[in-house]
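User: I should like to go through this structure by way of questions, with the reasoning set out in each answer.

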Amino acid sequence: MNVLSVERLAKRYGPRQLFTDISFGLEKGQKTAIVARNGTGKSTLLKCIAGIETADEGRVTFNKGLRIGYLDQNVVMAATHTLVDEMLDQDDPVTNAIRAYEHAVARHVSEAELHTAIERMETLGAWDHEARVKRLLYQFNLRDLEQPVNTLSGGQQKRLAMAKVLINLPDVLILDEPTNHLDLQMIEQLEDELGAPNITLLLVTHDRHFLDNVCDEIIEMEFGQFTRFKGNYSWYVEKKAQLDEVRDATQQHLRGLMRKELEWVRKMPRARGTKSKSRLDKFEDIKALATRDFSRDAVKIDVKTERLGGKVIEARNLTKSFGSPEKPETYKPIVAHWSYSLKAGDRIGIVGPNGIGKSTFIDLLTERIRPDMGTVSVGATVVLGMFGQQGLELKEDKRIIEVVRDIADVIPLSKGKTLTASQLLERFLFDKEQQYQYVSTLSGGERRRLYLCTVLMKNPNVLILDEPTNDLDIPTLNALEDFLVDLDVCLLIVSHDRFFLDKICTKLLVFEGEGRIKEWVGSYTELREVQKAHEAADQKAQSASVPVRTATEPKEKKPTTRMSFGEKRELQQLDEQVPALEKKKEDLLVRIAAGGTDHHAMMQHYIDLERTTKELDEKSERWLVLTEKAERESA
């Protein structure tokens, strides 16, 4: 069943014709990706289809009754919102009731306010929707509903935006760069979520592994044409290569035919009959086809790297944390007693979950922030190039060429060559006309390409790339990868792009939490294979060790590792909290057993009992786990 029809869509942005005469359709359950170079209008096309922007020409038609979910490439959230406010940013009775209830529970309001919120939830039948909200937030590892969104990391904001899109169970998902800023584990989870057969998907992404694992069709926008390839990204690459060979052979044949016809035109007498005019018209058609330009401009990267001495960056006993160990809920160790020496020729990837401190770690190594303990020493010959996650902060009314000229008018290359600022921009696919346009006209990917140009033109010999693949198109990524493979520099890369890590890096620094950093020699794919094998073995061992129990037998606890300082502190607190909750539960049972005529008071006793029992069960379960862990450690 066809759920979406796009007919002859066209859109112009200022002086640029982004696309024209775009037509295609989507079947239910189909998962399609649009692949094109930066600046060709992929994001604008998605916005036109989602109804966020209006196309200049054409029509978009969805089947009636379908729910459409749209995720923008750039996540924008209200700074005053809490996490639950942003998640439920809709003005309808059910979401308003859930929002009020969650605030009431989290902020410990009066009994009357809580009772009112519960009654409203009951009246509107909002409990199922509330449960789905919490399930999605838990699934995307967002637990603190009262956390202000302006304190969330880029990855956390992206996860919240994705959860917000999924909350209304959309039939068709339109996603613009859904994997940007997500950590590798979350990307794998998102692949499982979007792979469900009932979801119809239209997306733009540069993540080639994601395209391979999720999509069953690739649509390419190139040379003003819209070409469909039935299959995943690997299939697309193979078939595109074959198509290019056929097209090149056809062009050669047409050029030979054009030369023959051109000889006839030059020899033909001036007095032309009807037959001659027909042949002349045919020659013009052949000429138009034979002279079509199918050449692809590629990013040409060339730098003159300075000589790098034996000492690059050395860390000794590096330690950094935020918060205080006395308050485990706020304590966040980034790195603990870590020593390492980066060497010339190192190609190191940095991997780990969002929020674990990878960017802070980079700031420590580049001496942007001071460690709590230990030292960082940078070699005298180091010329650092830093490609940060946030990109360049540019004035929108500045011309593109002015951005480069502010750094240098002439750029030295290898082998004594030089380039002007304009020539360098041409190598990064900004033609002379575009160079004098304003920064405000650039797409997200073009901004990243310009940023990469400004970093590399400084000729660094130590290159630190923090999420370099975000927003770059696939051809630019391929050019960057080829350049980095042959570049004689020290590389340190923070990335969630599995394809990029596998191709560039020879070793990894794996952030495991609690300040632990493990070195892994090999590719990310090999690391994940080992991790998955260990996870499967652990699950198998756990299943085999669980005996058959009767309903009254207590659960055996999963073996855990040594206790951290935070866990010891938590156990001390639980020793006080569990008896207090047991006492509170007994008091409530006595009050309920005594009865009474005040209906509202009795209802509140039952509500309090339910909440206290739930909290007691959770804390008792946790107390058992930590107690068993402490006993094993002391044994």
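The questions below concern salt bridges, cavities, sheets and backbone angles in a model that is predicted.

User: How many salt bridges does the structure contain?
Analyst: Side chains of opposite charge can pair when their charged atoms come close. The rule applied here asks for a side-chain nitrogen of Lys or Arg within 4 Å of a carboxyl oxygen of Asp or Glu. By this rule, the number of salt bridges is 29.

User: How far apart in sequence are Arg208 and Glu481, which form a salt bridge?
Analyst: The closest N and O atoms of this pair are 2.5 Å apart, and both Arg208 and Glu481 are buried. Arg208 belongs to helix 8 (residues 208–214) and Glu481 to helix 16 (residues 474–486). The pair thus links distant parts of the chain, with a sequence separation of 273 residues.

User: Which residues are linked with Arg208 and Glu481 in a network of salt bridges?
Analyst: Arg208 and Glu481 form a salt bridge with each other. The network that holds both of them also includes Asp482, Asp497 and Lys503.

User: In the salt bridge of Arg528 and Glu535, is Glu535 buried or partly exposed?
Analyst: The N to O distance in this salt bridge is 4.0 Å. Arg528 has a relative accessible area of 10%, which is under the 20% limit, so Arg528 is buried. Glu535 has a relative accessibility of 40%, which lies between the 20% and 50% limits, so Glu535 is partly exposed.

User: Which helices does the salt bridge of Arg622 and Glu570 tie together?
Analyst: The side chains meet at 3.1 Å, N to O. Arg622 is partly exposed at 30% relative accessible area, and Glu570 is partly exposed at 25%. The two residues are 52 residues apart in sequence and sit in separate elements, so the pair ties together helix 20 (residues 599–634) and helix 19 (residues 565–594).

User: How many residues in the lining of the largest cavity are charged?
Analyst: A search of the whole structure finds 2 cavities of 30 Å³ or more, and the largest has a volume of about 50 Å³. Among the residues that line the largest cavity are Thr179, His206, Asp207, Glu467 and Asp497. The lining divides into 1 nonpolar residue and 6 polar ones, and the number of charged residues is 3.

User: Which strands stand at the edges of the open sheet with the order 11-10-13?
Analyst: This sheet has 3 strands with antiparallel pairing, and its twist averages 20° from one strand to the next. Each edge strand has a single partner strand, so one side of it is left without a neighbour in the sheet. The edge strands are strand 11 (332–342) and strand 13 (373–378).

User: Which residue of strand 11 stands opposite Phe322?
Analyst: Strand 10 (residues 313–322) pairs with strand 11 in the antiparallel sense over 7 bridges. The residue opposite Phe322 is Lys332.

User: Is His337 buried or exposed?
Analyst: His337 is placed in strand 11 and has a positive phi of about 50° although it is not a glycine. Its relative accessible area is 51%, which is over the 50% limit, so His337 is exposed.

User: Where does Glu367 lie?
Analyst: Glu367 is a residue other than glycine with a positive phi, near 60°. Its place is the loop between helix 11 (358–365) and strand 13.

User: Which residue takes a positive phi in the hairpin of strand 19 and strand 20?
Analyst: Strand 19 (residues 507–513) and strand 20 (residues 516–521) run antiparallel and are joined by 6 bridges. One of the bridge pairs is Val510 with Lys518 in strand 20. The hairpin has 2 residues between the strands, and the residue with a positive phi, near 55°, is Glu514.

User: Which residue in strand 9 is the bridge partner of Met221?
Analyst: Strand 9 (225–230) and strand 5 (68–71) stand at the edges of an open sheet of 6 strands, with the order 5-6-7-3-8-9 and mixed pairing. Strand 8 (residues 217–222) pairs with strand 9 in the antiparallel sense over 6 bridges. In strand 9, the bridge partner of Met221 is Phe226.

Conventions:
Residues numbered from 1 in each chain as written. Predicted model: local features only at pLDDT ≥ 70, side-chain atom pairs only at ≥ 80, totals over all residues. Heavy atoms only, no water. Helix = DSSP H or I, 4+ residues; strand = E, 2+ residues; numbered from the N terminus. Buried < 20%, exposed > 50% of the residue type's maximum accessible area, 1.4 Å probe, protein only. 1 Å grid on protein atoms, 1.4 Å probe; cavity = no way out; pocket = protein on both sides within 12 Å on 5 of 7 lines; lining within 4 Å. Points joined across faces, edges and corners; volume = space filled by probe spheres on them. Nonpolar A, V, L, I, M, F, W, Y, C, P; charged D, E, K, R; others polar. Pairing = 2+ DSSP bridges. Axes fitted to C-alpha atoms, helices over the stretch in contact; angles between N-to-C directions.
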